[in-house]
Amino acid sequence: MKGLFITFEGSEGSGKSTQVSLLAGRLYGLCLTARVLREPGGTPIGEEIRHTLKHSHANAAMTAEAELLLMNASRAQLVREFIRPALAKGEIVVCDRFYDSTTAYQGYGRELHLPTVKTVIDLAVGDTRPDLTLLLVVPAQISEERLRSRQSTLPFIRDRIEEADHEFFERVAQGYEKIAAAEPQRVRKVDAAGDVETVRREIWREVEKILPPGRVGA
Ligand code: TMP
């Protein structure tokens, strides 16, 4: 039995990580085996790459091309080390970000050549593609406010990508809209501006459509 692969996408401050945990809890509650992963990272090698990408003090001069390749080096490892084996065992894999993040951030945000971005992603993932992608959408103002409040509680943790300017995040948001428009069956947009419980319910409505029959719960 092939498993299910669900990914979460969205801008900074869209509440992805909270919703990933809530979904995983719900799946465990139904006695379904769910494996929660994140990108960049998720493997020992990937977590080292994540540090280089986000927090290392040596990363200030990182080029967009190096960023693209590092994101996909982390992904290539995660796909082969965890995602494919889990799916082959029939598990549900829930991943906080996957290749749509690369299209949105490195493609649209950093304005790298989109066909090249796609080629790099194809090498990293092969035929391992999400069955469902939940795109959490929040207005830029809410996203920026949530980001600012997070930064004020974590003042010592530098995140190179979050330091980008407002126009960069505008392009990322527009990129996500284009991705959703191109693949409306796979990519489901979820209004994430509301309270956590409302968003959780909307996400569950999408997930239960693809769960094996008899496992949907209330
Ligand atoms: P997060 O785990 O807090 O979402 O941080 C991950 C950061 O990395 C976030 O700023 C989005 C960015 N990112 C990319 O730019 N490209 C990618 O392919 C992925 C997976 C993440």
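How many cavities of 30 Å³ or more does a search of the whole structure find? The search finds one. Here are some notes to help you find your way around; please keep in mind that this is a predicted model.

1. **The cavity.** Let us start with the space that the opening question asked about. The largest cavity has a volume of about 50 Å³. Around it you will find Q19, L22, L23, R26, R200, I203 and W204. Two helices, α1 (16–29) and α8 (196–208), each give at least two residues to this lining. The largest share is that of α1, with four residues. Sorted by class, the lining holds four nonpolar residues, one polar residue and two charged ones.

2. **The largest pocket.** Next comes a space of about 1,000 Å³, the largest pocket. Its lining is made of 42 residues, and E12, K16, K54, R150 and E162 are the closest to its centre. Many helices take part: α1, α2, α3, α4, α6 (140–153) and α8 each supply at least two residues of the lining. By class, the count is 16 charged, 13 polar and 13 nonpolar residues.

3. **Where the ligand sits.** If you are looking for the ligand, go to the largest pocket, for that is where it sits. Its shell consists of 14 residues, with E12, K54, R97, T102 and Q106 the closest. E12 and K54 are worth marking in your viewer, as they are also among the residues closest to the centre of the pocket.

4. **What the shell is built from.** Which helices each supply at least two residues of the shell around the ligand? They are α2 (44–54), α3 (64–88) and α4 (99–109). The largest share comes from α4, which provides four residues. Seven residues of the shell are charged, three are polar and four are nonpolar.

5. **Three arginines at the ligand.** It is worth zooming in on the side chains of R50, R75 and R97. R97 has a polar side-chain atom 2.7 Å from an oxygen atom of the ligand. For R50, a polar side-chain atom lies 2.9 Å from a ligand oxygen. In R75, an N or O atom of the side chain is 3.0 Å from an oxygen atom of the ligand. As for cover, the ligand on its own has 480 Å² of accessible area, and the protein covers 94% of it.

6. **The second largest pocket.** There is another open space to visit, of about 380 Å³. This second largest pocket has 24 lining residues, and those nearest its centre are S11, A140, S143, E144 and F169. Here β4 (132–137), α6 and α7 (166–182) each contribute at least two residues. You may recall α6 from the lining of the largest pocket, to which this helix also supplies at least two residues. The classes in the second largest pocket are 11 nonpolar, five polar and eight charged.

7. **Two backbone details.** Finally, please look at two spots in the backbone. Most residues other than glycine have a negative phi, and most peptide bonds are trans. Against that background, the peptide bond from E39 to P40 is cis, and its omega is near -15 degrees. You can find P40 in the loop between β2 (34–38) and α2. The other spot is C31, which is not a glycine and yet has a positive phi of about 60 degrees. C31 belongs to the loop between α1 and β2.

Notes: Residues numbered from 1 in each chain as written. Predicted model: local features only at pLDDT ≥ 70, side-chain atom pairs only at ≥ 80, totals over all residues. Heavy atoms only, no water. Near = heavy atom within 4 Å. Polar contact = N/O pair within 3.5 Å; in protein donor to acceptor, adjacent residues only side chain to side chain. Areas by Shrake-Rupley, 256 points an atom, 1.4 Å probe, with all protein chains shown as cover. 1 Å grid on protein atoms, 1.4 Å probe; cavity = no way out; pocket = protein on both sides within 12 Å on 5 of 7 lines; lining within 4 Å. Sits in = over half its atoms within 2 Å of the grid points. Nonpolar A, V, L, I, M, F, W, Y, C, P; charged D, E, K, R; others polar. Points joined across faces, edges and corners; volume = space filled by probe spheres on them.
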